[in-house]
Amino acid sequence: MENRNEYRNVWVYAEQRQGAITPVVYELLGEGKKIAEKTGSELCAFLIGSNVASLAGELIEYGAEKVYLAESPLLEYYTTDGYAKVLSDAIKEYKPEIVLYGATHIGRDLAPRIAARVNTGLTADCTKLEVDPEDKKLMQTRPAFGGNLMATIVCPDHRPQMSTVRPGVMEKAARNSDNKGSVIQVDMQLEPADIRTEVIEIVKHKKDMVSLVDANFIVSGGKGLGCADGFAMLRQLAEVLGGTVGASRAAVDAGWIDHANQVGQTGTTVKPTIYFACGISGAIQHLAGMSESDIIIAINKNPMAPIFDIADYGIVGDVNEVVPMLIEAFTQYNEEKEFA
Ligand code: FAD
């Protein structure tokens with residue numbers, strides 16, 4: 001067991017892709033600040049890449065007091081080997097007490113590798129982080145047993161304490177251009193032979209980009225749509241509202257829509273201004289991803305459907321009748337606004 005007293009400060013892995021910071025990093029900085037204040041430590045960001053130094057200022061404006069910068073042409077693209085080596089070597093050298101990662105594809109790949117290399121634990125997919133007032137341990141909460149209960153996990157004996165955190169759950173840090181911080185160049189021992197994979201080309205997703213996390217209006221469909229074509233109707237409603245389309249897992253499993261659109265425990269967590277649940281029963285795993293929406297409007301033909309328990313407005317009816325009426329009403333509203 002390491003000497004736990006040697007470990008201090010809260011680190012946020014500042015994930016970036018092609019020179020742009022991934023949005024969850026701002027949420028981690030917001031949460032990391034609160035934890036740093038409660039544990040009397042500094043909030044630091046760890047930035048890896050090639051020619052990414054210009055991002056350090058942004059991280060400082062979002063609250064990082066120190067930015068550890070690891071730059072090399074070998075780190076231009078994310079590779080598990082390269083990034084895991086650099087970050088785990090730095091953890092061994094600088095000994096942070098807590099390291100937070102976004103539960104993105106990269107975070108989910110990287111964090112377990114690091115945990116194994118530095119011989120510590122990892123709580124994946126956290127939805128809440130707190131500090132134990134008695135002993136300042138990090139209490140990491142995540143859904144367990146299919147979302148039927150929330151488990152709070154601690155890492156009592158090993159350091160650092162590490163979590164991946166679900167995007168869209170924590171509040172973003174506020175940006176302040178007056179914030180001051182320092183940049184520390186990380187001295188790396190990284191050779192081409194350390195990286196077993198070579199990135200030959202980055203191919204961007206060709207489908208329509210779904211930005212569920214940022215959408216103000218989400219029109220989600222479930223098994224009650226009856227078939228894949230039902231989503232064409234929902235896309236129309238989303239377009240009229242200037243929003244995007246979400247889905248339940250049952251609709252995704254049926255092959256009606258891509259997993260990128262899934263809302264819920266094993267999909268995306270969303271907090272739009274208005275969330276339309278169309279033909280969605282309201283299973284606990286779906287609610288886990290959308291119950292924080294400002295206004296929930298449910299359309300379901302079964303008046304006893306559990307979704308009505310959390311809906312602000314409920315429409316009992318057939319989606320195939322109600323959704324076209326909504327499209328018509330909002331289209332008319334938009335036209336009247338345009339000519340007013
Ligand atoms: P159903 O439960 O089949 O409900 C369909 C609803 O449509 C019913 O309420 C019905 O009354 C209504 N309906 C039928 N016809 C019409 C009509 N014509 N007009 C209006 N209403 C109609 N689910 C998620 O959504 N997201 C997740 O991330 C997720 N993760 C999971 C993780 C685990 C570990 C497990 C075990 C499950 C997970 N699930 C998740 C699945 C979840 O338990 C439910 O099975 C799923 O949410 C149900 O989807 P649904 O509401 O579309 O379908």
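# Close-up views of a predicted protein model

**Figure 1. Let us start with the whole chain.** With 340 residues, a compact globule would have a radius of gyration near 20 Å, and the protein chain has 22 Å, which agrees. Keep in mind as you look around that this is a predicted model. Along its principal axes, the C-alpha atoms of the protein chain fill a box of roughly 65 × 45 × 40 Å. You can find 9 helices and 17 strands in the chain. Buried residues account for 49% of the 340 residues. Take the contacts between residues at least 6 apart in sequence: 64% of them join residues at least 24 apart.

**Figure 2. Strands 8, 9 and 10 form an open sheet.** In what order do the 3 strands sit? The order is 8-9-10, and the pairing is antiparallel. Strand 8 (128-131) and strand 10 (149-153) stand at the edges; each has a single partner strand, so one side of each is left without a neighbour in the sheet. On average, neighbouring strands here are turned by 25° against each other, direction ignored. Strand 9 (residues 138-144) is joined to strand 10 by 5 bridges. To see one residue pair, look for Arg 142, whose bridge partner in strand 10 is Ala 151. Helix 1 (residues 24-39) packs on this sheet and touches strand 8 and strand 9. The direction of helix 1 makes about 15° with that of strand 8.

**Figure 3. Helix 1 is largely enclosed by the rest of the structure.** Helix 1 has 16 residues, and from its first C-alpha to its last it reaches 22 Å, close to the 22 Å expected at 1.5 Å a residue. How many of its residues are buried? The count is 12 of the 16, so the helix is largely enclosed by the rest of the structure. Among the buried residues are Val 24, Val 25, Tyr 26, Leu 28, Leu 29, Ile 35 and Ala 36. Glu 27 and Glu 31 are buried too, as are Gly 30 and Gly 32. As a helpful rule, an α-helix has 3.6 residues a turn, so residues three or four places apart point the same way. Just after the helix comes Gly 40, with a positive phi of about 60°.

**Figure 4. Here are some backbone spots to look at twice.** Most residues other than glycine have a negative phi, and most peptide bonds are trans. Asn 51 is not a glycine, yet it has a positive phi of about 55°. You will find Asn 51 in the loop between strand 4 (43-49) and helix 2 (55-61). Is Asn 51 buried or exposed? Asn 51 has a relative accessible area of 72%, so it is exposed. Asn 119 also has a positive phi, near 60°, and lies in the loop between helix 4 (105-118) and strand 7 (123-126). Now turn to Arg 159 and Pro 160, which are joined by a cis peptide bond with omega at about 0°. Pro 160 belongs to the loop between strand 10 and strand 11 (161-165).

**Figure 5. Cys 227 and Cys 278 stay unbonded to each other.** A search of the whole structure finds 0 disulfides. Why is there no bond from Cys 227? The closest cysteine sulfur, in Cys 278, is 14 Å from the sulfur of Cys 227, so it is too far for a bond; a disulfide needs the two sulfur atoms within 2.5 Å. Their surroundings can be described as well. Cys 227 has 34% relative accessibility and so counts as partly exposed. Cys 278, at 0%, counts as buried.

**Figure 6. Ile 327 and Gln 185 each have their own set of contacts.** Ile 327 lies in helix 9 (residues 319-339) and is buried, with a relative accessible area of 10%. Which residues does Ile 327 touch, not counting residues up to four places away in sequence? They are Met 233, Gln 236, Leu 237 and Val 240. From Ile 327 to Gly 181 the C-alpha distance is 50 Å, with their places 146 residues apart in sequence. Gln 185 lies in strand 12 (residues 182-185) and counts as exposed, at 55% relative accessibility. Leaving aside neighbours within four places in sequence, Gln 185 is in contact with Leu 69 and Tyr 94. Gln 185 and Ala 53 are 132 residues apart in sequence, while their C-alpha atoms are 9.6 Å apart in space.

Conventions. Residues are numbered from 1 along each chain as its sequence is written. This is a predicted model: local features need pLDDT of at least 70, side-chain atom pairs count only at pLDDT 80 or more; totals for chains, interfaces and linings use all residues. Side-chain values use heavy atoms; hydrogens and water are left out. Two strands pair if DSSP finds at least two bridges between them. Helices (H or I, at least four residues) and strands (E, at least two) are DSSP runs, numbered from the N terminus. Axes are lines fitted to C-alpha atoms, for helices over the stretch in contact, and angles run from 0 to 180 degrees between N-to-C directions. Contact means heavy atoms within 4.5 Å. Buried means under 20% relative accessible area, exposed over 50%, partly exposed in between (1.4 Å probe, protein chains only). The expected span of a helix is 1.5 Å times one less than its number of residues. The radius of gyration is taken over C-alpha atoms; the globule rule is 2.2 Å times the number of residues to the power 0.38.
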